Amino acid sequence: MGKIPPRFEKILIIKLRHHGDTLLVTPVVNTLKENFPDAEVDILLYKETEPMLMNFASISHIFSVDRQWKKEGTKAYIVHHWCLLSQLKKRKYDLIINLADQWYSALVSKISGASTRVAFDFPKRQNFLWKICFSDLVSTEGEESLHVVEQNLSALKPLNLPSINFNVTMSYSEEDWRKVSDLLRIGGINHKYIVIHPASRWFFKCWNDRNMSETINALQADGHSIIVTSGTEEREKEMVERILSNCIKENILSLAGQITLPQLGALIAHAKLFIGVDSVPMHMAAALKTPCITLFGPSKLAFWHPWNVNGEVIWAGNYGKLPDPDDIDTKTDIRYLDLIPTDVVIAAARRYLP
């Protein structure tokens with residue numbers, strides 16, 4: 001790499017992945033702002049993941065790729081991307097941190113005009129075209145033992161920064177909390193509650209509905225109020241309905257599919273406990289330092305466990321054999337978490353409850 005400027009004024013981070021991946025980019029943002037406090041840090045992501053960062057004050061501008069553009073026809077698709085690339089070029093970045101592996105991210109990096117363009121030297125991108133798009137390539141050797149937070153931060157190695165910030169930041173607005181508070185009041189729930197998020201878009205990451213119902217009933221019997229949440233997909237909301245059909249009807253409220261991700265963040269931030277599976281709310285709870293019980297498996301634990309969590313991870317692999325994560329059919333209906341006994345989860349929850 002050439003001589004590093006005394007300070008970077010405009011920085012673009014690129015991450016084109018899912019909601020959890022997007023949230024776990026925040027330590028990179030925090031580190032860059034810590035080392036270059038006057039710099040404007042922008043991010044390029046998929047439009048559907050914007051809510052993860054929309055309230056994050058350390059980000060100056062959010063640019064997004066809308067995957068629905070392709071439904072508008074070839075001409076409109078090209079126009080959308082041309083406009084986006086033009087906007088990015090006008091920002092005149094002097095540093096690009098590309099955390100994505102798509103060719104599109106390489107194109108953005110190259111045409112940005114930034115003098116310093118950092119990316120990973122991915123094994124699947126060992127070719128001349130990838131290399132000429134960047135000024136610096138960071139080795140991925142040894143990443144199989146690193147959490148995604150650590151993998152992301154390793155992209156900053158060429159900058160030789162004096163300090164690294166490992167904190168994940170989940171942001172929400174005061175309005176988000178007011179909205180959630182109103183829903184709790186209408187539902188007759190006080191502000192001392194447990195949030196349970198049993199669903200994931202991939203059902204192989206979920207626990208048996210009956211076991212979740214038994215856990216909720218046990219915690220209700222202990223005198224705790226329960227808020228059950230899910231994403232907006234019908235399958236997830238139907239899962240919550242099945243779970244609640246076997247639950248005691250008192251001191252319980254379903255907000256399944258009814259609140260935004262920032263509002264979910266506000267809800268989790270004010271909870272006395274979060275119980276969930278391997279999905280983005282788990283990462284939100286860990287970032288917000290809400291006591292957290294996570295049911296996990298069979299995804300890669302080293303990569304995706306809740307970062308610096310205040311709580312416990314209950315790994316299904318401790319109770320039976322799990323398939324290799326790379327061999328899983330993500331559309332399967334198999335519930336691999338069913339290996340986890342109900343009493344283990346209830347006991348873990350009680351350890352973190354007053």
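## Report on a predicted model

Lys157 is found in the loop between α6 and α7 (174-186). The model is a predicted one. Lys157 is exposed, with a relative accessible area of 58%. Between the C-alpha atoms of Lys157 and Lys205, which lie 48 residues apart along the chain, the separation is 33 Å.

### The six-stranded sheet

An open sheet is built from six strands in the order β9-β8-β7-β10-β11-β12, and the pairing is parallel. The edges are occupied by β9 (252-254) and β12 (311-315); each has a single partner strand, so one side of each is left without a neighbour in the sheet. From one strand to the next, the twist averages 15 degrees. Strands of a sheet pair through backbone hydrogen bonds, either parallel or antiparallel.

Strand β7 (residues 193-197) is paired with strand β10 (residues 273-277) in the parallel sense, over four bridges. Within this pair, the bridge partner of His197 is Gly276 in β10. Four bridges also join β7 to β8, and these two strands run parallel. Here Ile196 stands opposite Val228 in β8.

How many of the residues of β7 are buried? Five of its five residues are buried, and the strand is mostly covered. Both faces are covered: Tyr193, Val195 and His197 are buried on one side, and Ile194 and Ile196 on the other.

### Helices on the sheet

Helix α8 lies across β7, β8 (225-228), β9 and β10, and runs at about 150 degrees to β8. Helix α10 (residues 261-269) packs on the sheet as well, touching β7, β8 and β10. The direction of α10 makes about 135 degrees with that of β7.

Helix α8 (residues 209-221) also meets helix α13 (residues 342-351): their axes come within 10 Å and cross at roughly 35 degrees. The crossing of α8 past α13 is right-handed. On the α8 side the contact is made by Asn211, Glu214, Thr215, Ala218 and Leu219, and on the α13 side by Thr342, Val345, Ile346, Ala349 and Arg350. By class, this contact of α8 with α13 has five nonpolar, three polar and two charged residues.

### Nonpolar cores

The largest nonpolar core has 65 residues. The residues with the most contacts inside this core are Ile13, Leu32, Ile97, Leu184, Tyr193, Ile227 and Leu267. Helix α11 (residues 280-288) supplies the largest share of the core, five residues. A second, separate core of 35 residues includes Phe203, Cys247, Ile314 and Ala348.

Which residues does Ile97 touch, not counting residues up to four places away in sequence? They are Leu12, Ile13, Ile14, Leu32, Val118, Ala155, Leu156 and Leu159. Two of the names in that set, Ile13 and Leu32, also appear with Ile97 among the residues with the most contacts inside the largest core.

### Helix α2

Leu32 is one of the buried residues of α2. Eight of the 10 residues of this helix (residues 26-35) are buried, so α2 is largely enclosed by the rest of the structure. Besides Leu32, the buried residues are Thr26, Pro27, Val28, Val29, Asn30, Thr31 and Asn35. They pack against β1 (10-14), α1 (19-23), β2 (40-46), β4 (95-98) and α6 (148-154).

### Loops and backbone geometry

Lys289 and Asn308 each have a positive phi although neither is a glycine. The table sets out their values.

| Residue | Phi | Loop | Relative accessible area |
|---|---|---|---|
| Lys289 | about 65 degrees | between α11 and β11 | 45%, partly exposed |
| Asn308 | about 50 degrees | between α12 and β12 | 42%, partly exposed |

Where is Pro298 placed? Pro298 is in the loop between β11 (292-296) and α12 (301-304). The peptide bond that joins Gly297 and Pro298 is cis, with omega about 5 degrees.

Methods:
Residues numbered from 1 in each chain as written. Predicted model: local features only at pLDDT ≥ 70, side-chain atom pairs only at ≥ 80, totals over all residues. Heavy atoms only, no water. Axes fitted to C-alpha atoms, helices over the stretch in contact; angles between N-to-C directions. Left-handed = near helix turned anticlockwise from the far one by under 90°. Contact = heavy atoms within 4.5 Å. Nonpolar A, V, L, I, M, F, W, Y, C, P; charged D, E, K, R; others polar. Core = buried A, V, L, I, M, F, W, Y, C linked by side-chain atoms within 4.5 Å. Buried < 20%, exposed > 50% of the residue type's maximum accessible area, 1.4 Å probe, protein only. Pairing = 2+ DSSP bridges.
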